[in-house]
Amino acid sequence: MAEQFDLLSTELIEWIGQQHVFFVGTAAQDGRVNLSPKGQDSLRVVNEREIVWLNLTGSGNETAAHLLDRNRITLMWCAFEGLPRILRVYGSADIVHPRDDEWDDCASLIPPPAGARQYFKVTVDLVQTSCGYAVPLMDYVEDRQVLANWAQKRGEEGIREYWREKNQLSIDGFPTRIIEGMPDQR
């Protein structure tokens, strides 16, 4: 039932654009595997081999830490409405922070709201579709605004302070390099 491809087809690119949630999986050589649900208007398919995803400030920064240790990433979408499908995109990713020259290029694709932490530029290595027959049907209601409201309330300096307190190390103690000039503390 599964099919593999070297790149994203036009049909799959259009389908990704219709999904409201996706999942990001990463792992360092040692430690825990991370799997995070993502939503909001935070992802763009640039072409059949490149995806840009905007990561918002959250309680952890596992994806960045894992990519610095082992540069591999999996993005996954499930059809919660319409025809059943699971889509996985395997690849590697570059991390783009607000201090990096590439930030403005990424921001032109996905404007960064308050609390924008980094972009991930994913290079597609393998695409796999599978049936999704056991994925439940669910109705999309709306995006939650809790994180956006929290980020607005904290403000830019409050967000940076949160990064210093909560986002410099993964739960396994791997550095994330979120703050320029901060030493790796592992």
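**Close-ups of salt bridges and buried spots**

**View 1. A salt bridge inside helix α4, between R160 and E156.** R160 comes out at 28% relative accessibility, so it counts as partly exposed (buried is under 20% relative accessible area, exposed over 50%, partly exposed in between, with a 1.4 Å probe and protein chains only). This is a predicted model, so local features need pLDDT of at least 70, side-chain atom pairs count only at pLDDT 80 or more, and totals for chains, interfaces and linings use all residues. Numbering runs from 1 along each chain as its sequence is written, and side-chain values use heavy atoms, with hydrogens and water left out. The partner of R160, E156, is exposed, with 62% relative accessible area. Their closest N and O atoms sit 4.0 Å apart (a salt bridge here is a side-chain nitrogen of Lys or Arg within 4 Å of a carboxyl oxygen of Asp or Glu). Both residues belong to α4, four residues apart, or about one turn of the helix (helices are DSSP runs of H or I, at least four residues, and strands are runs of E, at least two, numbered from the N terminus). An α-helix has 3.6 residues a turn, so residues three or four places apart point the same way.

**View 2. Helix α1 meets a loop at E11 and R85.** The closest N and O atoms of this salt bridge are 3.1 Å apart. E11 sits in α1 while R85 is in the loop between β6 and β7, so the pair links parts 74 residues apart in sequence. The two ends have their own burial classes: E11 is partly exposed at 43% relative accessibility, whereas R85, at 19%, counts as buried.

**View 3. Strands β5 and β8 joined by E50 and K121.** Here the side chains meet in a salt bridge with an N to O distance of 3.9 Å. E50 lies in β5 and K121 in β8, so this pair ties together parts that are 71 residues apart in sequence. At 21% relative accessibility, E50 counts as partly exposed. Back in view 1, R160 was also put in the partly exposed class, at 28%. Shared partners turn E50, E102 and K121 into one salt-bridge network. Searching the whole structure turns up eight salt bridges.

**View 4. S130, a buried residue in strand β8.** This serine is part of β8, and its relative accessibility of 19% makes it count as buried. Who touches S130? Leaving aside neighbours within four places in sequence, S130 is in contact with M1, A2, R85, I86 and R88 (contact means heavy atoms within 4.5 Å). One of those partners, R85, is the residue that forms the salt bridge with E11 in view 2.

**View 5. Helix α2, largely enclosed by the rest of the structure.** The helix covers residues 62–69, and six of its eight residues are buried, so the rest of the structure largely encloses it. The buried set is E62, T63, A64, A65, H66 and L67. Which elements do they pack against? The list is β2 (22–27), β3 (33–38), β5 (50–56), β6 (73–78), β7 (86–96) and β8 (116–130). Two of these strands should look familiar: β5 holds E50, and β8 holds K121.
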